Amino acid sequence: MSALTVTPEGATREEAKRPPRGDRPWLGTDRRHNLTGWAFLLPAALLIFAVSFVPMIQAFILSLQTGRGTRLDWADPLWYNYQRLLGDEIFKQTVGNTFIYLIIQVPIMLLAALLLANVLNNPRLRFKAFWRTAIFLPAAVSLVAYSLVFRTMFATDGFVNDFLANFGVDPVNWLGEPDTARAVLILGLLWRWTGFNMIFFLAGLQNIDRSTIEAARMDGANSFQVFWRVTVPQLRPIILLTAIMSTNGTLQLFDESWALTRGGPAYASMSMSHYLYEVSFQRNPNFGYGAALAYVILILVAILAFIQLKVGDKRD
Amino acid sequence: MTLPIALIMSGCSGDGGGGGGGNADDNTLTVWTWDPAFNIYAMQEAEKIYAADHPGFKLDIVETPWDDLQTKLTTLAQSQEFGELPDIFLMQNNAFQKNVINYPDLFSEATDAADFSEFPTAVTDYSTVDGVNYGVPFDAGTAIQALRTDVLTEAGYTLADFTDITWDDFLVKAKDVLAKTGKPLLSGQAGSADTIMMMLQSAGASLFDKDGNPTIADNDALKASIDMYTQLVDAGVFTEVNTWDEFIGTFVNGSVAGTIQGVWISGSIQTATDQAGNWGVTNLPKLDIDGGTNYSANGGSSWAISSNANVDLANDFLKSTFAGSTELYDTILPSSGAVANWIPAGDSDVYTQPVDFFGGQAIYADVVKFGADVPSNNTGAYYYEARDAVSAAITKIIGGADPDEALAEAQSTVEFAMG
């Protein structure tokens, strides 16, 4: 480097003021690109920070307070609301309900979505656009609207009982018994969300190189083997994405619980978020406790997402 | 996720823009209330009456279902956005204590809005906190037993056989009616405590003691009510359905031959025009325990004046209409079945007129008489929690759980909520 060679004193000082590699401006091209990138990200990042992270921090502070309505004081001890949750029988019941939905509904839904996507991806299928639209359409229906339709269908004198009566089945009080109420809710969720997840799988399938499938066929693999050993592994990132989204969505389930069953009978179908709403808005407002509930839901979502990432993400 | 929610929230407060009565012009009041056929209609009639003496007076009525109204109030109080409040809003009597105690900042005192001695105490008690009145009672929730007289005749009974009786009598007769006609006399929503709460109040009992402590466990009146309710359901004379619409449907479509509810149910009964002339109204069966009466109430609502109101105008408006105009009650009674709590209204001729739908019975005069005998109900701030807990307990008891255990559990649920 020229700076290290012996030069007149003035020149050395000139050199020293410059950054190393003095032939480059202080803002290098790489860095300028980086900063441009950040500049574009900044508005969105700030917005997310202001409308998402700030409320999260506020909610956490709120969860350490207790009191009715606006008269809130610091809880004593600070984690009182969290401690209280452990003794709350209704909360435990809602956690149980939510996990029943999660464990039964999410796997069935994802498997069904995967199979449907595979069928609809068949290049020889006719009226493909029609099938795709028909299966996706429920996802465009308002949550409350479809819940009300399901409620009407499964009423004691509703469509389903009328239909079953043709086969000599006695009327079932679908929404009045704990197990059937949960089953109807799960059925509703499946109807509403399977098509939604199918679209992700379809998009994933488009990205799979057909030659890998043809190669497997050439090697004598049957359809199931092709699906299970070739297609599914290549869809892994999409499966992971939908699994995390569905888990997240189910843990935060509210609309169906509210509109379809009102959480009944006797809290047997109430979801955690529905209970949160009850605690905050329907009963004597206890926003501190509600915020603590929200944080428990957040922690559960985070733990489950973490586990799924660990199990599902096999990238090197 | 959060961004759309934030947008929705700001959207909501925008919708509330009808509020802010204080800053609107001096001759307009904004009102939140929920039923176009009932309380909205009553407000519109009140507007006409008041405008006749006060030219230029106008109401801006915003239809707000009760559940939304409660959520809006909570949200506004919580965010201290009192400027979004209307001048006047309607509030369920059972929720009045809770809201005044939790959010006193939402209300203006209504002491000047009526002469409260002209209302039954059982009704003004709902909206009185620490001796101060916060609401002008609107419709009475006085409970009635409405029965299909043609079905009774078919079984060999008359309305008199169901008047001033006990629940035990009722059970025997209702079973007989069911055996002879195939029709149950009662129906209700499964998991709703409506019927139990009416039984309880009829005996002057409640879910709380005077100091506001829950008395769900070891409450003899409650146990007697639940025991009777279970017997009614088991005997098949009380049909349980899941939703309110189904409940209304049971007697409108004629599969159930009666109902016990607040008098406001008479509006729904009269939608069954094919049954005109075949209904009769009498008092409730009573519990065979100390303090049992044949009178009770369910529901009912009162007008509250908000802290954001044009207080003088709102007071004067309510005083000249809902607490001072027989003309108003004469208009709204026949068309909407809104039975007044305001005692002077009961003297009006309109109340003594026979109602054809009810076989020429002057039911509203009867209801006003019932209303005077309704025992006061101790609601308190935790009424809804207690009611929900009891509803859950009833569901479990009907499902076969031990009543004492289920009620003890309900008691601890309420204590937990209060803790």
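In the predicted model, 26 residues of chain B are in contact with 24 residues of chain A. On the chain B side of this interface, the elements that contribute two or more residues are α1 (2–15), α3 (66–79), α4 (93–102), α16 (383–398) and α17 (403–418). Of these, α16(B) gives the most, with five residues. In terms of residue class, the side of chain B that touches chain A consists of twelve nonpolar, ten polar and four charged residues.

The partner chain may be described briefly. Chain A contains 13 helices and two strands. It has 316 residues, of which 26% count as buried. When contacts in chain A between residues at least 6 apart in sequence are considered, 68% of them join residues at least 24 apart.

Chain B is divided by the domain assignment into two domains, each built from two stretches of sequence: domain 1 comprises 16–140 + 300–347, and domain 2 comprises 143–296 + 377–418. The C-alpha centres of domain 1 of chain B and domain 2 of chain B are 29 Å apart. Between them, 14 residues of domain 1 of chain B are in contact with ten residues of domain 2 of chain B. Helix α4(B) supplies the largest share of the domain 1 side, namely five residues. That side is made up of six nonpolar, six polar and two charged residues.

Two sheets of chain B are considered next. Strands of a sheet pair through backbone hydrogen bonds, and the pairing may be either parallel or antiparallel. One sheet of chain B is open and has five strands in the order β2-β1-β3-β12-β6, with mixed pairing. Strands β2 (58–63) and β6 (135–137) of chain B each have a single partner strand and therefore stand at the edges, with one side of each left without a neighbour in the sheet. From one strand to the next, the twist averages 25 degrees. Helix α4(B) packs on this sheet, where it touches β3 (88–92), β6 and β12 (301–305) of chain B. The direction of α4(B) makes about 110 degrees with that of β3(B).

Within the five-stranded sheet, strand β1 (residues 28–33) of chain B runs parallel to β2(B), and six bridges join the two. In this pairing, B:T30 has B:D60 of β2(B) as its bridge partner, while B:W32 is partnered by B:V62 in β2(B). The connection from β1(B) to β2(B) passes through helix α2 (residues 39–53) of chain B, forming a right-handed β-α-β crossover.

The other sheet of chain B is also open, with three strands in the order β10-β7-β11 and antiparallel pairing. Its edge strands, β10 (258–262) and β11 (279–282) of chain B, each pair on one side only. Neighbouring strands in this sheet are turned by 25 degrees against each other on average, direction ignored. Strand β7 (residues 143–148) of chain B pairs with β10(B) in the antiparallel sense over five bridges. In this pairing, the bridge partner of B:A146 is B:T259 in β10(B).

The surroundings of helix α4(B) were also examined. Nine of the ten residues of α4(B) are buried, so the helix is largely enclosed by the rest of the structure. The buried residues are B:N93, B:N94, B:A95, B:F96, B:Q97, B:K98, B:N99, B:V100 and B:N102. They pack against helices α3 and α16 and against strands β3, β4 (128–129), β6 and β12 of chain B. Helix α4(B) thus recurs in several settings: it is listed among the elements on the side of chain B that touches chain A, and it provides five residues to the side of domain 1 of chain B that touches domain 2 of chain B.

A final site is the loop between α3 and β3 of chain B, in which B:F82 lies. Because B:F82 has 17 C-beta neighbours inside 10 Å, below the 20 required for a buried residue but above the limit of 12 for an exposed one, it counts as partly exposed. Apart from residues up to four places away in sequence, B:F82 touches B:L76, B:D105, B:S307 and B:N308. As for one of these contacts, B:F82 and B:D105 are 23 residues apart in sequence, and their C-alpha atoms are 8.1 Å apart in space.

Notes. Residues numbered from 1 in each chain as written. Chains lettered and ligands numbered in written order. Predicted model: local features only at pLDDT ≥ 70, side-chain atom pairs only at ≥ 80, totals over all residues. Contact = placed C-beta atoms within 7 Å. Helix = DSSP H or I, 4+ residues; strand = E, 2+ residues; numbered from the N terminus. Nonpolar A, V, L, I, M, F, W, Y, C, P; charged D, E, K, R; others polar. Pairing = 2+ DSSP bridges. Axes fitted to C-alpha atoms, helices over the stretch in contact; angles between N-to-C directions. Domains from an automatic or database assignment. Right-handed = clockwise from strand over helix to strand, strands pointing away.
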